[in-house]
Amino acid sequence: MHCAIQKADVVDGAHLMRIIWDDGVESLYPSVWLRDNCQCPDCYLDSAKARKLLVEALDVNIGIKDLTFDRNQVHITWPNEHFSDFEADWLKKRCFSQKAREKLQKELFLPECQYWGSELQLPTLNFEDVLKSDEHAYKWLFNLKKVGIVRLRGASDKRGEILKLGKRIGFLYLTFYGHTWQVQDKIDANNVAYTTGKLSFHTDYPALHHPPGVQLLHCIKQTVTGGDSEIVDGFNICRKLKERNPRAFQILSSTFVDFTDIGVDYCDFSVQSKHKIIELDDKGQVVRINFNNATRDTIFDVPVERVQPFYAALKEFVDLMNCKDFKFTFKMNPGDVIIFDNWRLLHGRRSYEAGTEISRHLEGAYADWDVVMSRLRILKQSIKNIN
């Protein structure tokens with residue numbers, strides 16, 4: 001939508017520019033911010049969309065010497081006779097009002113979470129469509145961000161399919177288990193996932209200080225009995241825990257827990273980290289769950305009197321996850337790929353019987369949220385341009 005300037009002037013002793021738009025709305029822009037964001041070739045490298053002007057060269061008390069405007073642009077003269085031109089649409093988008101800032105943040109970070117429980121309708125798309133069509137790829141990643149999980153159907157039952165999805169978004173996230181890894185029953189398994197036993201609800205890899213944001217799992221072979229997948233919306237569980245037991249929520253969002261992972265795979269490794277099981281941002285919103293009971297260390301760096309209350313809080317959290325109202329169970333079939341938010345969802349698996357040959361085989365990989373969100377923004381722009 002095109003914006004037009006009705007009036008532009010200088011206020012607050014030349015330290016602010018005021019714009020009155022044609023709809024009557026008023027916006028204020030600090031002079032120092034305008035000077036910092038001059039778009040001329042001396043101050044800005046357009047080919048890289050990057051600022052060239054150095055903070056060292058910026059007068060933080062600068063005022064505007066002169067200002068002219070028309071409906072589409074503002075032209076500013078600075079005290080040293082440097083000139084800056086700003087387009088109306090560019091300024092309107094960057095207005096400092098709370099409403100404008102919230103709108104821009106939503107655009108940058110895209111869809112808000114849609115919480116769910118056992119009633120989840122699992123978003124499902126076709127694997128080949130996602131590879132070939134930008135609209136389907138956008139739907140895939142949009143739903144991944146919004147719901148936290150998407151199923152793709154129609155992949156082959158051979159290894160290597162998730163490498164194609166990695167290329168579709170950009171690249172995959174290499175860990176000590178390799179670029180991709182094989183979930184199947186293994187002798188002397190170096191991970192509990194590589195057994196036939198039940199896996200309780202967990203997030204992958206809290207032993208890393210930056211656990212992978214997205215997990216991809218491709219079903220190559222599936223056992224007839226057992227091996228069902230279980231998922232739960234961890235953000236929804238945190239909401240319920242906070243309602244039912246604020247003290248437990250407070251303990252899990254403030255206690256640092258040690259995680260460890262030692263072994264040999266892609267190379268040998270000895271990994272150690274500390275995380276709060278429920279990680280909050282500065283507004284108190286849950287941004288990540290860090291919990292894997294298998295790799296929670298025997299070392300626990302808290303005073304003795306805080307140990308038992310921590311276990312009580314953790315038990316409450318896990319009991320909520322296992323409540324039938326919150327968990328969703330489904331079975332992957334050969335050719336299915338699930339992609340899910342490893343910072344939000346906790347996932348598990350029912351046990352299955354060990355046979356003489358491998359009866360269940362999934363290929364897995366990780367991706368970073370920065371890579372996924374980058375692709376989502378690019379796809380959104382490309383679809384907008386087509387339409």
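These legends walk through several close-up views of a predicted model.

**View 1. The largest pocket holds about 1,400 Å³ of space.** Which residues sit closest to its centre? Of the 31 residues in its lining, they are Lys 145, Asp 281, Gln 285, Val 286 and Val 287. Helix H3 (98–109), helix H7 (234–244), strand E18 (286–289) and helix H10 (369–386) each bring at least two residues to the lining of the largest pocket. H3 gives the largest share of this lining, with 5 residues. Sorted by class, the lining of the largest pocket has 14 charged, 13 nonpolar and 4 polar residues.

**View 2. The second largest pocket encloses about 890 Å³.** Its lining is made of 22 residues, and the closest to the centre are Lys 92, Lys 93, Lys 103, Leu 104 and Glu 107. Which elements give two or more residues to this lining? Here you will find strand E3 (26–30), helix H2 (88–93), H3 and H10. H3 supplies 6 residues, the largest share of the lining of the second largest pocket. The classes in the lining of the second largest pocket are 12 charged, 7 nonpolar and 3 polar residues.

**View 3. Trp 33 and Phe 96 form an aromatic pair.** The count for the model comes to 14 aromatic pairs, and this view shows one of them. The ring centres of Trp 33 and Phe 96 are 5.2 Å apart and the planes stand at 85 degrees, so the pair is edge-to-face. Trp 33 belongs to helix H1 (residues 31–36), while Phe 96 is in the loop between H2 and H3, so the pair ties together parts that are 63 residues apart in sequence. Are the two partners buried or exposed? Trp 33 counts as buried, because its relative accessibility is 18% and the cut-off for buried is under 20%. Phe 96, at 37% relative accessibility, counts as partly exposed.

**View 4. Trp 181 and Tyr 366 make a tilted aromatic pair.** Their ring centres are 5.0 Å apart, with 45 degrees between the planes. The pair links distant parts of the chain, for Trp 181 is in strand E11 (residues 181–183) and Tyr 366 is in strand E22 (residues 361–367), 185 residues apart. Trp 181 is buried, with a relative accessible area of 6%, and Tyr 366 is buried too, at 5%. Step back a little to find the cluster. Phe 176, Tyr 177, Trp 181, Tyr 205, Phe 269 and Tyr 366 form one aromatic cluster.

**View 5. Lys 145 and Arg 239 each lie over an aromatic ring.** Which ring does Lys 145 lie over? Lys 145 is over the face of Trp 369, at 5.1 Å from the ring centre. You may remember Lys 145 from the first view, where it is among the residues closest to the centre of the largest pocket. The charged end of Arg 239 sits over the ring of Tyr 115, 4.0 Å from its centre.

**View 6. His 202 is a buried residue of strand E12 (residues 199–202).** The relative accessible area of His 202 is 9%. What does the side chain of His 202 reach? A polar contact of 3.2 Å joins it to the side chain of Asp 204. The side chain of His 202 also reaches the backbone oxygen of His 347, at 2.9 Å.

**View 7. The largest cavity has a volume of about 30 Å³.** The count for the model is 1 cavity of 30 Å³ or more. Around the largest cavity you can pick out Trp 140, Leu 141, Ile 169, Val 214, Leu 216, Ile 339, Ala 367 and Val 372, which line it. Helix H5 (134–146) and strand E13 (214–221) are the elements that give two or more residues to this lining. By class, the lining of the largest cavity has 8 nonpolar residues, with no polar and no charged ones.

**View 8. Val 337 is a buried residue in strand E20 (residues 337–341).** Its relative accessible area is 0%. How far apart in space are Val 337 and Val 307? Measuring from C-alpha to C-alpha in the model gives 40 Å, while in sequence Val 337 and Val 307 are 30 residues apart.

Conventions:
Residues numbered from 1 in each chain as written. Predicted model: local features only at pLDDT ≥ 70, side-chain atom pairs only at ≥ 80, totals over all residues. Heavy atoms only, no water. 1 Å grid on protein atoms, 1.4 Å probe; cavity = no way out; pocket = protein on both sides within 12 Å on 5 of 7 lines; lining within 4 Å. Points joined across faces, edges and corners; volume = space filled by probe spheres on them. Helix = DSSP H or I, 4+ residues; strand = E, 2+ residues; numbered from the N terminus. Nonpolar A, V, L, I, M, F, W, Y, C, P; charged D, E, K, R; others polar. Phe/Tyr/Trp six-rings, centres within 6.5 Å; stacked < 30°, edge-to-face > 60°. Buried < 20%, exposed > 50% of the residue type's maximum accessible area, 1.4 Å probe, protein only. Lys NZ or Arg CZ within 6 Å of the ring centre and 35° of its normal. Polar contact = N/O pair within 3.5 Å; in protein donor to acceptor, adjacent residues only side chain to side chain.
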